Each structure stands twice: as C-alpha cells, then as structure tokens.
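I opened this model to look up ring contacts first and the sheet afterwards. My notes follow in the order in which I checked things.

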Amino acid sequence: VTDRSDRPRGHDAADGPDSLEDPDLLVGGRVLDAAAVEAWLRGWHHLHALVEMAGEHGVTLVIPAGAVTEAAWRSANYEDDGALDELLGMSAVVVSPLDRSLALALGHPAARVPHHDVVRSHAYALATTREWAIVTDDPEPYQLGRAGVPDPDVELIPPPLVDTDSTPRRRRRRGRHSSPDPDDRWPGIPDPANLVINDGLVVDDDVPDGVGPDGTDADGGDGDR
Amino acid sequence: MTRAYDRRMRTTERVTVTVPRELVQHARLAVESGRAESVSAYVTEAMERAARRDRDATVLADIYARSGPPTARDYAWAASTLGVQLAEGEADELARRAVLLAATRHADGGAPA
C-alpha cells in the first residue's frame with residue numbers, strides 16, 4: 001500500500017470511538033462502497049474519472065474499511081492484483097476504520113435482519129453521519145434495507161448507463177473465490193467466525209495520526225516571516 | 001525539543017526560489033491570520049499538494065495506458081457525482097487530456113519501476 005504519511009491533517013480518517021462523530025475534519029466528499037471499489041478493480045472508467053476529478057477538486061472519497069477487506073478478498077478474481085493498492089494510494093481516497101464501538105453498533109442490529117450486509121452498513125453509517133452521497137455500482141442492497149433502514153435523505157449514486165466505449169478491459173480471472181453463479185456479484189462476506197480478533201482495536205499502519213513527516217510542518221524558527 | 005529540532009534540520013533543506021510578489025503577500029497574510037505557521041509551512045503545504053497531484057497523475061497515466069482512458073461521458077458523470085460544474089466542452093477536453101496522458105505512458109514504455 002502506498003505510503004500516505006505526507007497527507008495533511010484533516011485528510012486522515014479519525015480512529016477511535018468517535019470516528020463517526022468528527023465529520024468536521026473532512027470538508028466534503030462521497031462514500032465509495034464495496035460495489036464501487038469492485039468496479040474500480042474491474043477497470044470501469046467512470047471510477048477512474050471520478051477519482052481523478054476528486055483529487056483535482058479536493059473532494060474526499062471515503063471507503064469503509066470493510067469494503068477494502070471485501071475488495072482485497074475479491075481482487076484475487078482479477079488479473080491486475082495491484083489495482084486496489086493504486087486506488088488506496090490516490091490522494092482523494094481515505095479509508096475509514098471500523099473501530100470497536102462502531103463495529104458493535106453496526107453488528108448487533110445486523111443479527112436481527114436476514115441478509116443484512118454489515119459492510120454496506122458501514123458505508124450507510126458514514127453517509128448518514130456526514131450527509132454524503134454513496135457512490136455504488138449496486139444500489140439494490142440499500143434499497144432492500146440490507147444496509148439498514150432505508151433513509152430517503154441518503155443519496156445513492158449509481159453508475160452511468162453502459163457506454164460501449166467505456167467497457168472495462170480487465171478480464172476476470174477464473175479460479176478461487178469465483179462465485180458459483182456468474183451473475184451473482186455479491187455472494188457474501190467471509191464468515192466472521194473465521195476472523196481472528198486480537199484486541200478489538202483496528203490498527204492501520206498506512207493511516208498515521210495526521211502529522212506530516214519530519215521537517216514538513218515547521219521551519220524550526222528560521223526567521224522567514 | 002532539541003532532538004525534534006535536530007530531526008527537522010536533517011530532513012529539511014533551505015532553498016532560494018523566485019516567486020511572484022503577490023503570492024508572497026498571500027503567504028504572509030496566511031501567517032498573520034494564523035492560517036499558516038510560517039511562510040515555509042505555507043509553501044511546503046502547496047508543494048505537498050502539487051507532489052500528490054503529480055503522483056496521482058503518474059498512477060492514472062499507467063492505468064489509462066493499460067486499460068484505456070475515460071470518455072467524456074465518464075467525466076461528465078464524475079463531475080455530476082462530485083457536484084463539480086463543468087464548462088461547455090470541458091468533459092471532452094478532459095477525455096482528450098486522458099488520451100494524451102495514456103499515450104505519454106505508452107511512449108515512455110509503460111509504468112515505472
């Protein structure tokens with residue numbers, strides 16, 4: 001994953017229990033959900049254009065940590081395994097961690113709803129808290145209430161209508177992790193029972209505490225005012 | 001305190017540059033109003049932004065060379081999604097620029113190591 005240690009304060013997703021309660025750190029943005037990230041992996045050009053323009057116009061694109069996990073898992077299905085790293089290294093992109101309290105807050109209600117999608121729940125929570133739209137290539141799970149009770153105030157931005165000039169050139173690799181049904185794009189997330197949780201804390205080495213590298217934030221009093 | 005200062009001194013370099021007087025005035029105003037710690041910090045932030053843009057452009061050029069550039073329609077969708085107002089013909093211009101970006105990478109022989 002690209003080193004983003006030079007990112008200025010305010011572009012790093014806050015971690016800790018208040019990660020959803022500090023929206024003022026980010027000026028404005030959109031949430032990219034797991035389907036949008038997979039569209040990037042598939043090489044869809046509208047996502048390329050989106051990330052390019054977001055970087056140029058200072059718009060933050062937040063990806064829920066779970067969507068990165070899902071994308072990393074699915075990236076084995078694609079020929080270009082480096083595409084996810086490229087996306088995560090773009091200046092507009094920020095990964096929003098899933099901390100302990102948020103994980104519990106999203107997970108408990110999910111247990112009571114059949115087919116609940118906890119990864120999209122995180123995207124939904126980010127969108128509702130910050131009042132940002134969700135960019136998704138698959139709005140249906142939200143519309144069906146699988147990410148939480150549908151909120152009419154949450155804008156879902158679907159992909160553009162298919163353009164034959166804009167079809168992805170990246171071929172899908174056959175083999176492990178392939179869905180048994182080629183039309184089934186979302187067979188589900190890995191069984192949580194198989195995940196090992198050490199201490200309940202999310203450690204993301206790629207997202208520092210917002211302080212720039214040494215020497216980039218001050219001039220040591222060299223009298224240049 | 002001393003160690004932090006030493007560390008900074010090891011990782012920074014004093015350079016002399018010539019910039020328009022108006023921009024220097026902007027930087028000084030930013031310092032006076034508290035928006036920047038110093039003129040150096042102001043310039044550093046601007047250079048960091050430019051460096052990030054350059055890195056983005058390099059990665060995107062590689063992607064466009066590999067899988068084809070976005071079309072004007074893609075840019076129009078992206079602008080609408082981000083709430084960015086495009087001037088007439090700007091989406092076409094962005095698409096042309098992406099084609100050139102991809103061609104540059106092809107000419108360079110692809111992605112750098």
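Entry 1, aromatic pairs. The model is a predicted one. I searched over all chains and found one aromatic pair. I noted A:Tyr124 and A:Tyr142 as stacked, because their ring centres are 5.8 Å apart and their planes stand at 20°, where the cut-off for stacking is under 30 degrees.

I then looked up where the two rings sit. A:Tyr124 belongs to helix α6 (residues 118-130) of chain A and A:Tyr142 to helix α7 (residues 140-143) of chain A, so the pair ties together parts that are 18 residues apart in sequence.

Entry 2, burial. Are these two tyrosines buried or exposed? I recorded A:Tyr124 as buried, because its relative accessibility is 8%. I recorded A:Tyr142 as buried too, because its value is 1%.

Entry 3, charge over a ring. I found A:Arg130 over the face of A:Trp132, with 5.3 Å to the ring centre.

Entry 4, the sheet. I traced five strands of chain A in an open sheet with parallel pairing, and wrote down the order β3-β2-β1-β4-β5. At the edges I have β3 (93-96) and β5 (156-157) of chain A, each of which pairs on one side only.

I checked the join between strands β1 (residues 29-32) and β4 (residues 134-135) of chain A: they run parallel and are linked by two bridges. A:Leu32 has A:Val135 in β4(A) as its bridge partner.

Entry 5, helix on sheet. I went back to α6(A), and found that this helix lies across β1, β2 (60-64), β3 and β4 of chain A. Relative to β2(A), α6(A) runs at about 140°.

Terms used: Residues are numbered from 1 along each chain as its sequence is written. Chains are lettered from A and ligands numbered from 1 in the order in which they are written. This is a predicted model: local features need pLDDT of at least 70, side-chain atom pairs count only at pLDDT 80 or more; totals for chains, interfaces and linings use all residues. Side-chain values use heavy atoms; hydrogens and water are left out. Rings of Phe, Tyr and Trp (its six-membered ring) pair if their centres lie within 6.5 Å; planes under 30 degrees apart count as stacked, over 60 as edge-to-face and the rest as tilted. Buried means under 20% relative accessible area, exposed over 50%, partly exposed in between (1.4 Å probe, protein chains only). A charge sits over a ring if NZ of Lys or CZ of Arg is within 6 Å of the ring centre and within 35 degrees of the ring normal. Two strands pair if DSSP finds at least two bridges between them. Contact means heavy atoms within 4.5 Å. Axes are lines fitted to C-alpha atoms, for helices over the stretch in contact, and angles run from 0 to 180 degrees between N-to-C directions.
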